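Here are some comments for a colleague at the bench, set out as numbered points. Please read them with the structure open beside the text.

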Amino acid sequence: MKIFLGVAAGLTLLLGFVWLFLPQSMLSSWGVQTEPVTVYMARRYGGLFFGYAAILWLARASGPSPARTAILAGSAIVTSVMAIVSLVGVLTRVVGPVMWSAAVIEVLLAAGFVYYCAKTL
């Protein structure tokens with residue numbers, strides 16, 4: 001679990017940097033117009049990733065506890081919802097096909113969080 005949480009934290013930190021500092025590139029790759037309000041929201045999204053990365057990174061060292069289970073369950077919910085939203089966005093063509101890569105990563109992360117959460121129950 002320690003390696004999984006470290007990888008999840010690293011991916012999340014990377015997303016935070018990209019969304020905060022290169023929002024136009026991310027939005028363009030998804031086929032979303034880069035208007036001031038979408039760039040602003042993308043940067044806010046990036047900021048959330050920094051906090052999420054810190055939670056995951058610090059949870060790596062935690063032993064079995066209700067807090068660790070809560071972190072895993074919350075992470076499973078977050079990544080599952082993100083995966084569903086990504087899949088709906090691609091299937092309805094709201095976003096471009098490059099979103100498939102994000103959806104696959106989100107599904108894999110969600111599966112990992114569900115797996116480790118189930119092991120702690």
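1. A residue is called exposed here when its relative accessible area is over 50%, and buried when that value is under 20%. Since the model is a predicted one, the points below describe computed features. Ile 3 has a relative accessible area of 70% and therefore counts as exposed, and this residue is found in helix H1.

2. Ile 3 also belongs to a nonpolar patch on the surface, which it forms with Val 7, Leu 11 and Ile 105, and these residues together have about 370 Å² of accessible area. Helix H1, spanning residues 2–21, supplies the largest share of that patch, namely three residues.

3. Helix H1 should also be viewed against helix H5 (residues 99–120), for the two axes come within 11 Å and cross at roughly 145°, and the crossing of H1 past H5 is left-handed. On the H1 side the contact is made by Phe 4, Leu 5, Ala 8 and Leu 11, while H5 contributes Ile 105, Leu 109, Gly 112, Phe 113 and Tyr 116. Leu 11 and Ile 105, listed in this contact, are also members of the surface patch.

4. A second helix pair deserves a look: the axes of H3 (residues 36–59) and H4 (residues 66–91) come within 11 Å, crossing at roughly 145°, and H3 passes H4 in a left-handed manner. Here the contact involves Tyr 45, Phe 49, Tyr 52, Ile 55, Leu 56 and Ala 59 from H3, set against Ile 71, Ser 75, Val 78, Thr 79 and Met 82 from H4.

Note on methods. Residues are numbered from 1 along each chain as its sequence is written. This is a predicted model: local features need pLDDT of at least 70, side-chain atom pairs count only at pLDDT 80 or more; totals for chains, interfaces and linings use all residues. Side-chain values use heavy atoms; hydrogens and water are left out. Patches are made of residues with over 30% relative accessible area and no salt bridge: like charges are joined within 9 Å, nonpolar side chains (Val, Leu, Ile, Met, Phe, Trp, Tyr) within 5 Å. Accessible areas come from the Shrake-Rupley method with a 1.4 Å probe; for residues, only the protein chains shown count as cover. A salt bridge is a side-chain nitrogen of Lys or Arg within 4 Å of a carboxyl oxygen of Asp or Glu. Helices (H or I, at least four residues) and strands (E, at least two) are DSSP runs, numbered from the N terminus. Buried means under 20% relative accessible area, exposed over 50%, partly exposed in between (1.4 Å probe, protein chains only). Axes are lines fitted to C-alpha atoms, for helices over the stretch in contact, and angles run from 0 to 180 degrees between N-to-C directions. A crossing is left-handed if the near helix is turned anticlockwise from the far one by less than a right angle, and right-handed if clockwise. Contact means heavy atoms within 4.5 Å.
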